[in-house]
Amino acid sequence: AAQELGATVKPYTAPSSILLALMASGMNGQHFQFHGYLPIDNNDRKKKIQALEMDTQLKGCTQLFIETPYRNDQLLESILQSCNGNTKICIGVDITGPNEWIKTATVDYWKKNKPELHKKLAVFLIGQ
């Protein structure tokens, strides 16, 4: 509405956990898409994850998305069930916070080393 009224809109600079995760992931930062929240329904979410993985494989596009902190573990489980073992997944947790960590690894790695993400701020990336 402010733009439509011709008002000056001035954003303040601040760290963006989404872009910081992308920068630290080692994935394609030149071609990426942010999807926000994926579907809540488990079957719909898995279909969406598979479509994102396919897009990554075909176009080399990094896929970024988030989830509410209390559903992170369910989202991670859906990713691990839906993606190929060699697909790279980056998880960024508490970015810019005192307990920050960002790690990129394959689905096979994450299946053996599942982090506890419940009630933590997290960003998820699928890439190559």
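Biologist: What do the buried residues of H3 pack against?

Modeller: The buried residues of H3 pack against H2, strand E2 (62–66), strand E3 (88–93), H4 and E5. Please keep in mind that this is a predicted model, and that everything I tell you is computed from it.

Biologist: Which residues of H3 are buried, then?

Modeller: In H3 the buried positions are Asn72, Leu75, Leu76, Ser78, Ile79, Leu80 and Ser82. On the spacing of such positions, an α-helix has 3.6 residues a turn, so residues three or four places apart point the same way.

Biologist: Let me step back to the whole chain. How many helices and strands are there, and what pattern do they follow along the sequence?

Modeller: The protein has four helices and five strands, and reading along the sequence gives the pattern α-β-α-β-α-β-β-α-β. Its radius of gyration is 16 Å, close to the 14 Å that the globule rule gives for 128 residues, so the protein is as compact as a globular protein of that length. The C-alpha trace spans about 50 × 35 × 30 Å along the principal axes.

Biologist: What share of the residues is buried, and what does the protein expose?

Modeller: Buried residues account for 38% of the 128 residues, while the protein exposes about 7600 Å², of which carbon and sulfur atoms supply 52%. As for contacts between residues at least 6 apart in sequence, 70% of them join residues at least 24 apart.

Biologist: Changing topic to charges: how many positive and negative side chains are there, and how far apart are the centres of the two sets?

Modeller: There are 14 positive and 12 negative side chains, and the centres of the two sets lie 3 Å apart.

Biologist: And how many salt bridges does that give by your rule?

Modeller: The count comes to three salt bridges. One of them joins Glu77 to Lys114, with the closest N and O atoms 2.6 Å apart. Glu77 belongs to helix H3 (residues 72–82) and Lys114 to the loop between helix H4 (107–112) and strand E5 (122–127), so this pair ties together parts that are 37 residues apart in sequence.

Biologist: Are those two buried or exposed?

Modeller: Glu77 counts as partly exposed at 29% relative accessibility, and Lys114 is partly exposed as well, with a relative accessible area of 47%.

Biologist: Which residue does Asp55 form a salt bridge with?

Modeller: Asp55 forms a salt bridge with Lys59, and the closest N and O atoms of that pair are 3.2 Å apart. Both residues sit in helix H2 (residues 42–59), and because they are four residues apart there, about one helical turn separates them. Their surroundings can be described individually: Asp55 counts as buried at 15% relative accessibility, whereas Lys59 is exposed, with a relative accessible area of 57%.

Biologist: What about Glu67, which residue is its partner in a salt bridge?

Modeller: The partner of Glu67 is Arg71, with 3.1 Å between the closest N and O atoms, and both Glu67 and Arg71 are buried.

Biologist: Now the loops. Where does His31 sit, and which residues is His31 in contact with?

Modeller: His31 sits in the loop between H1 and strand E1 (32–37), and its relative accessible area of 33% makes it partly exposed. Leaving aside neighbours within four places in sequence, His31 is in contact with Lys59, Gly60, Cys61 and Thr62. The C-alpha atoms of His31 and Cys61 are separated by 5.1 Å, although the two residues are 30 residues apart along the chain.

Biologist: Lys59 turns up again there, I see. What is phi of Asp94 and of Lys119?

Modeller: Phi of Asp94 is near 50°, a positive value in a residue other than glycine, and Asp94 lies in the loop between E3 and strand E4 (101–106). For Lys119 phi is near 60°, again a positive value in a residue other than glycine. Lys119 is found in the loop between H4 and E5, where it is exposed, with a relative accessible area of 64%.

Biologist: Last one: how far apart in space are Thr8 and Gln128?

Modeller: Thr8 and Gln128 are 40 Å apart in space, C-alpha to C-alpha, and 120 residues apart in sequence. Thr8 belongs to the segment before helix H1 (17–25), and at 78% relative accessibility it counts as exposed.

Terms used. Residues are numbered from 1 along each chain as its sequence is written. This is a predicted model: local features need pLDDT of at least 70, side-chain atom pairs count only at pLDDT 80 or more; totals for chains, interfaces and linings use all residues. Side-chain values use heavy atoms; hydrogens and water are left out. Helices (H or I, at least four residues) and strands (E, at least two) are DSSP runs, numbered from the N terminus. The radius of gyration is taken over C-alpha atoms; the globule rule is 2.2 Å times the number of residues to the power 0.38. Buried means under 20% relative accessible area, exposed over 50%, partly exposed in between (1.4 Å probe, protein chains only). Contact means heavy atoms within 4.5 Å. Accessible areas come from the Shrake-Rupley method with a 1.4 Å probe; for residues, only the protein chains shown count as cover. Lys and Arg count as positive and Asp and Glu as negative; His and the chain ends are not counted. The place of a charge is taken as NZ of Lys, CZ of Arg, CG of Asp or CD of Glu. A salt bridge is a side-chain nitrogen of Lys or Arg within 4 Å of a carboxyl oxygen of Asp or Glu.
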